[in-house]
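Thank you all for coming. I would like to walk you through a structure that may be new to you, so please have the sequence and the view in front of you while I talk.

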Amino acid sequence: MNNICQHVGNQIKKYRKMRGHTLSEFAARINKSVSTVSKYESGTISIDILTLSEIAQALEVTIEQLLPTSEGNNKERFFEAPAQIDSRNFFMRQNLYYMYYFFPPEKKSVQDGVAISAIEIQRNSDAMDDVCLYNECLNPKENYKDCKFVYRGKMLCYDFITYFMLENLYHVGCHDYICAKVPFSHAHTTTGLYVGISESIRNPAATRIIISDTLIDVTEDMIQKMTLNTRETKQDFVKYNSLIAR
């Protein structure tokens, strides 16, 4: 029990700092004393489910993100083949994928600019498939659900292209979209475009992405594939009067 309380407390503290709340500010948000919140974060006292739900809402995370996960993070369930499997279609082979995009970091290594997200797909036989995007995972290898932002939505899968229509779980009206190519060969990665409102730069953003059916190592070649070449971009503007992200 103490280990669970300490884990939950550490998660609360981590997300509180990530959201930029001081201890006193956060205590006011959930109508608790600073002393009580401090005890929550240290794992000294347990938290009832109603309070935990209120804390999760205030931190803009799911309750699941605050709780410890079982070993393997239930990945086996999401790697099971879909009910209507189609080995020809990249997005029909399994139910868990990883998405990579790149924003050049300031005064850090290039690899630090790569964000890794996880896409869970829930298959529906009589409706569009449901999707959950765990955006900017903090520890994708051990627990991909431990992330900065959560989006939920639908997936439309066609022979040559797949669309993801997503909405931020805690900011109604904040929509993101993913448009990804379905590769012709039995490839393990594909490319696409991720469009939405960036939480970090507070502006509409569109970036090239790589989607993989397994976790892959970040390499210089991979970063180059996600980086827009200024010269090519300007040439495309002139030639096509539009931005072409190759």
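**A walk through the model**

What you see is a protein with eight helices and eight strands, and I should say at once that this is a predicted model. Of its 246 residues, 42% are buried, and the accessible surface comes to about 14000 Å², with 52% of that area belonging to carbon and sulfur atoms. If we take the contacts between residues at least 6 apart in sequence, 45% of them join residues at least 24 apart.

Let me begin with two of the helices. Helix α1, residues 2-18, and helix α3, residues 34-42, have axes that come within 6 Å and cross at roughly 115°. On the α1 side the contact is made by Cys5, Gln6, Gly9, Asn10, Ile12, Lys13 and Arg16, and on the α3 side by Tyr40, Glu41 and Ser42. By character, the residues of this contact divide into three nonpolar, four polar and three charged.

Two of those residues deserve a second look, since the side chains of arginine 16 and glutamate 41 meet in a salt bridge, at 2.5 Å from N to O. Arginine 16 lies in helix α1 and glutamate 41 in helix α3, so this pair ties together parts that are 25 residues apart in sequence. Are these two partners buried or exposed? Arginine 16 counts as buried because its relative accessibility is 7%, and glutamate 41, at 8%, counts as buried too.

Now to the interior. In soluble globular proteins, nonpolar side chains tend to be buried together. Here the largest nonpolar core has 22 residues, and the members that touch the most others are Phe91, Met99, Ile119, Phe164, Ile178, Tyr194 and Ile211. Strands β1, β2, β3, β4, β5, β6 and β8 each supply at least two residues of this core. Isoleucine 178 makes a good place to stop and look around: leaving aside its neighbours within four places in sequence, it is in contact with ten residues' worth of surroundings that include Met99, Ile119, Phe164, Tyr194 and Ile211. A second, separate core of 17 residues includes Phe102, Cys132, Val150 and Met222.

Coming back to charged pairs, the count for the model is eight salt bridges. One of them joins the side chains of arginine 123 and aspartate 129, at 3.3 Å from N to O, and both of these residues are buried. Another brings together aspartate 130 and lysine 154, at 2.5 Å from N to O, and this pair links distant parts of the chain, with aspartate 130 in strand β3 and lysine 154 in strand β4, 24 residues apart. Aspartate 130 is partly exposed, with a relative accessible area of 24%, and lysine 154 likewise counts as partly exposed, at 30%. Besides these pairs, Glu64, Glu120 and Lys145 are linked in a network of salt bridges.

I will end with the backbone. Most residues other than glycine have a negative phi. Which residue in the loop between α4 and α5 has a positive phi although it is not a glycine? It is glutamate 60, with a phi of about 60°, and this residue is partly exposed, with a relative accessible area of 23%. Glutamate 136 also has a positive phi, of about 55°, but glutamate 136 is found in strand β3.

Note on methods. Residues numbered from 1 in each chain as written. Predicted model: local features only at pLDDT ≥ 70, side-chain atom pairs only at ≥ 80, totals over all residues. Heavy atoms only, no water. Helix = DSSP H or I, 4+ residues; strand = E, 2+ residues; numbered from the N terminus. Buried < 20%, exposed > 50% of the residue type's maximum accessible area, 1.4 Å probe, protein only. Contact = heavy atoms within 4.5 Å. Areas by Shrake-Rupley, 256 points an atom, 1.4 Å probe, with all protein chains shown as cover. Axes fitted to C-alpha atoms, helices over the stretch in contact; angles between N-to-C directions. Nonpolar A, V, L, I, M, F, W, Y, C, P; charged D, E, K, R; others polar. Core = buried A, V, L, I, M, F, W, Y, C linked by side-chain atoms within 4.5 Å. Salt bridge = Lys/Arg side-chain N within 4 Å of Asp/Glu carboxyl O.
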